[in-house]
Every structure is written in C-alpha cells, then in structure tokens.
Amino acid sequence: MKKIILLCSFIYLTSLVLAQAPRPKPERKLVLENDKVKVVEYTSQPGGDVCGEGIHKHPPHLTVLLTAAKVQVLLPDGRKLNQNAPAGTTFWSEAETHSVSNMGKTPVKAYIIEYKNKAK
C-alpha cells in the first residue's frame with residue numbers, strides 16, 4: 001500500500017512540475033483615444049505575450065518599439081518568425097492575426113497606434 005501511495009504521489013508531483021505555466025500577460029495602458037486614433041502601450045515580460053494574449057487579431061496599425069525587442073511571431077499557418085529590433089523601430093502592419101512572444105531577457109514596451117477611419 002505504501003508503494004502505491006508513494007507512486008501516486010510521485011506521479012502527481014511530476015505532473016505539477018511538467019505542467020506548462022501560463023505565459024505572463026502583457027500590461028495594457030490606454031495612452032490616448034479620440035475619434036481619430038487609439039494608442040495603447042503594451043509592456044511584456046520575458047517569456048510572455050507582447051501585444052495581446054495568445055493568438056489574437058489587430059486592425060491595421062502602426063507599431064513603435066519603445067525598447068529593444070527579441071520576439072517570436074507565430075502566424076496562423078504555423079510559421080514562426082524570429083525578429084530582433086532596436087528601440088525606436090517603427091513599422092506599419094495591415095490587419096493581422098498572430099501570437100507574439102517576448103524571447104528576450106528584458107521587458108518589451110511598445111505603442112500600437114490604430115487609425116480610426118470613419119466614413120463621412
């Protein structure tokens with residue numbers, strides 16, 4: 001009986017160790033929003049999501065990196081892109097679906113700026 005209890009305890013503890021811990025969620029801070037634009041500041045911890053949780057969508061947007069970033073982008077088709085960019089890097093993206101992970105050893109901070117195109 002003691003062997004069964006010991007074995008069950010070992011299996012249980014092993015499952016706790018091997019269970020994947022959830023990735024840290026990015027901090028979101030609304031910097032500015034009006035009828036023309038929305039600016040959100042994202043701060044991501046190492047190993048965490050960068051600009052949303054898991055696979056997520058963005059409308060067309062401008063990204064401005066406030067810190068250097070070492071990230072891995074996972075696309076819906078399963079492709080993984082590894083990218084390194086210095087602070088100040090700025091780029092435009094059309095609407096997209098992806099997951100972005102902070103692969104570096106320091107937090108990543110970025111602004112995502114969405115233009116609100118309202119028909120007249």
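Strands here are DSSP runs of E with at least two residues, helices are runs of H or I with at least four residues, and both are numbered from the N terminus. Two strands pair if DSSP finds at least two bridges between them.

This is a predicted model, in which local features need pLDDT of at least 70 and side-chain atom pairs count only at pLDDT 80 or more, while totals for chains, interfaces and linings use all residues. Residues are numbered from 1 along each chain as its sequence is written, and side-chain values use heavy atoms, with hydrogens and water left out.

**Figure 1. The whole protein, element by element.**
Start with the overall count: the protein has 1 helix and 9 strands. Walking along from the N terminus, you meet them in the order α-β-β-β-β-β-β-β-β-β. Of the 120 residues, 27% count as buried (buried means under 20% relative accessible area, exposed means over 50%, and partly exposed is in between, with a 1.4 Å probe and protein chains only).

**Figure 2. A hairpin made by β1 and β2.**
β1 and β2 form a hairpin, with 3 residues between them. The two run antiparallel and are joined by 6 bridges. One pair to look for is E33, which stands opposite K38 in β2. Strand β2 covers residues 37–44 and is mostly covered itself, since 6 of its 8 residues are buried. β2 also runs antiparallel to β9, and 8 bridges join these two. There, V37 has Y115 of β9 as its bridge partner.

**Figure 3. The sheet of five strands.**
Step back from the hairpin and you see an open sheet of 5 strands, in the order β1-β2-β9-β4-β7, with antiparallel pairing. β1 (27–33) and β7 stand at the edges with a single partner strand each, so one side of each has no neighbour in the sheet. On average, neighbouring strands of this sheet are turned by 20 degrees against each other, direction ignored (axes are lines fitted to C-alpha atoms, for helices over the stretch in contact, and angles run from 0 to 180 degrees between N-to-C directions).

**Figure 4. Around H61, P59 and S93.**
H61 sits in strand β4. Is H61 buried or exposed? H61 is buried, because its relative accessible area is 2%. The side chain of H61 reaches the backbone oxygen of P59 at 2.8 Å (a polar contact is a pair of N or O atoms within 3.5 Å; within protein, one must be able to donate a hydrogen and the other to accept it, and residues adjacent in sequence count only if both atoms are side-chain atoms). P59 belongs to the loop between β3 and β4, and counts as partly exposed at 35% relative accessibility. Across the sheet, β4 and β7 pair in the antiparallel sense over 4 bridges, and H61 stands opposite S93 in β7. P59 and S93 are 34 residues apart in sequence, yet 8.4 Å apart in space, C-alpha to C-alpha.

**Figure 5. The sheet of four strands.**
Here 4 strands make an open sheet in the order β3-β8-β5-β6, again with antiparallel pairing. Its edge strands are β3 (56–58) and β6, each of which pairs on one side only. The twist from one strand to the next averages 40 degrees. β3 and β8 pair over 3 bridges, and K57 stands opposite T97 in β8. S99, also in strand β8, is buried, with a relative accessible area of 6%. S99 and V73 lie 26 residues apart in sequence and 5.7 Å apart in space, C-alpha to C-alpha.

**Figure 6. The β5 and β6 hairpin.**
β5 and β6 run antiparallel and are joined by 6 bridges, with V71 opposite Q83 in β6. The hairpin has 5 residues between the strands, and G78 takes a positive phi near 95 degrees. β6 is hardly covered: among its 6 residues, the count of buried ones is 0.

**Figure 7. The largest pocket.**
The largest pocket has a volume of about 380 Å³ (on a 1 Å grid over the protein atoms alone, a pocket is an open set of points with protein on both sides within 12 Å along at least five of seven lines, where a 1.4 Å probe fits, and lining residues have an atom within 4 Å of a point; the volume is the space filled by probe spheres set on the points). It is lined by 24 residues, and V71, V73, Q83, F91 and V100 lie nearest its centre. β6 gives the largest share of the lining, 4 residues.
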